[in-house]
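Here are some short exercises to work through with the model open beside you. Try each task before you read its solution.

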Amino acid sequence: MSREKQLVKNTVIVAVGKICTQFISFFLLPLYTAMLSTEEYGTVDLLNTYISLLLPLIILQIDQGIFRFLIDARESEEEKKSLISTTIIIVTLQSIAYLIIYAIVGQFINNEYKYFLATNVVASIFSSIMLQISRGVGDNKVYSIGSLISASGTVVLNVIFIAIFKWGVYGMLLASLIANCLCAIYVFIKKKIYKYISKDAFSKVHLKSIWKYSIPLVPNMLSWWIVNASDRTIVSNMLSISANGIYSAANKFSSMCITFFNIFNMTWSESASMYIKDKDSSLYFTNIINTALKIFSSICIGIIAIMPFVFPLLVNEKFNEAYYQIPILMLSTLCNIIVSLIGSIYVAQKNSKEIAKTSILAAVINIIINLVLIKFIGLYAASISTFIAYLLMAIYRYIDVQKYIKIKIDFTLLLNTIIILIIVFVTYYLRITWISIISLIITVLYTIIINRNTMEFVVKSLKNKFSKN
């Protein structure tokens, strides 16, 4: 099987576990915005943001380390057992230490939801570890089903707890906790991970190797957290919790796009690690990155173009201010996608220090711009600072990565995308229906034209697959 077909196959498998539930979750936005106040919605968003901060601090990004090292150990059962045992044992000890510390510190925290910061973090830790082990050993089907359990479980329980039991914030946090536990249990049993766990298989050598790779990713994740969470924190403190709820609602649409990309990026980072040493790796990486840019720039532009028609249907009127933030956040997402596409080369090279350095730079830029502008332009400061941070990070990584592998972004594509973006941006803010319709038609035609080769390749691959079956 060719590298491209393998990438498509793995992406489709992972997508099955993600797309359906993400669509369901997305279309439940009317429920969330109707049943929760802007303050409640902002509170949940803020708590989830802090959970995402604690996660890398506790496990030191070992989930990413075990995934990367298992790729190289797929042919050795003994090596896999040692890596998995080492990871499970050390993560369990780290989780216990965290719970003990939190039990002490938690006495001084005055927040009615504070214990969810303990339980949800631990559940997320083991859910993430199990999923990454599954990916590492090459079983994307189990990864996909595990992700499906986590996402669909969250969605279903949210509906039950919010719409039926009226539990509000408690309901959303409890739903996430239960769903992550179910995901971890499923993968643990399905992959028979208990067979790989042995005290005698624990290896200090492997632990040092994994830590050497994963620990530099901690400041990287913290930087990503700062880029994403500093906006919420600054908005909540300098504007209001209600404003953060509005900003969170606006982010749901860009989150939908980044979810699609993350599905691809999971399989892309695996392929990048496997084929980085091929003789034609430069051409392969260039082709994949440009193809991905065509697809995801089309998705980003398409979401902006269709938003004037679907926003009133999906979002309660008390969140109307979110409408004006969406295009800027979509542009930020597109820059974020470029950053991640190029970042896979660092992952393939096991160069986690460079990942951390560029991410820290972006985080600092984001905070400075946000603090400077928020008094003058309010909520726009958060979305604009995020866009600028990702843009500068994308430019830096593109230049820096050339010393590892020569890639060339199609600048004709980039120029055409910028032109279409300008057209869509202008029509979006005009809010004139017939002009928005023309903008949407132009976007659809542009999408078909630039992605025709990719669509033909995918259709041909699927036909061949069905023919063989």
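The exercises below go from the whole chain to a helix pair and then to single residues.

This is a predicted model, in which local features need pLDDT of at least 70, side-chain atom pairs count only at pLDDT 80 or more, and totals for chains, interfaces and linings use all residues. Residues are numbered from 1 along each chain as its sequence is written, and side-chain values use heavy atoms, with hydrogens and water left out.

**Exercise 1: the chain**

Find how many helices and strands the chain has.

Solution. Start with DSSP runs, numbered from the N terminus: helices are H or I runs of at least four residues, and strands are E runs of at least two. The chain then has 19 helices and 0 strands. Next, take burial (buried: under 20% relative accessible area; exposed: over 50%; partly exposed: in between; 1.4 Å probe, protein chains only). Of the 469 residues, 55% count as buried.

**Exercise 2: a helix pair**

Work out how helix H7 and helix H9 pack.

Solution. First, fit the axes as lines to C-alpha atoms over the stretch in contact, with angles running from 0 to 180 degrees between N-to-C directions. H7 (residues 116-136) and H9 (residues 168-190) pack at an angle of about 30 degrees, and their axes are 8 Å apart. That makes H7 roughly parallel to H9, a label for angles under 35 degrees.

Second, list the residues that meet, with contact meaning heavy atoms within 4.5 Å. Among them are Phe 116, Ala 123 and Met 130 in H7, and Tyr 170, Leu 177 and Val 187 in H9. By class, the contact of H7 with H9 has 14 nonpolar, 7 polar and no charged residues (nonpolar: Ala, Val, Leu, Ile, Met, Phe, Trp, Tyr, Cys and Pro; charged: Asp, Glu, Lys and Arg; polar: the others, Gly among them).

**Exercise 3: buried or exposed?**

Place Thr 443 and Lys 212 in their helices and classify each.

Solution. Thr 443 is in helix H18 (residues 433-450) and counts as buried because its relative accessibility is 2%. Leaving aside neighbours within four places in sequence, Thr 443 is in contact with Ile 301, Gly 302, Ala 305 and Val 424. Lys 212 belongs to helix H10 (residues 204-214) and, at 70% relative accessibility, counts as exposed.

**Exercise 4: positive phi**

Locate Gln 61 and describe its phi.

Solution. Most residues other than glycine have a negative phi. Gln 61 has a positive phi near 60 degrees. Gln 61 lies in the loop between helix H4 (38-59) and helix H5 (62-72), and is buried at 7% relative accessible area.

Methods. Parallel < 35°, antiparallel > 145°, perpendicular 65-115°, else oblique.
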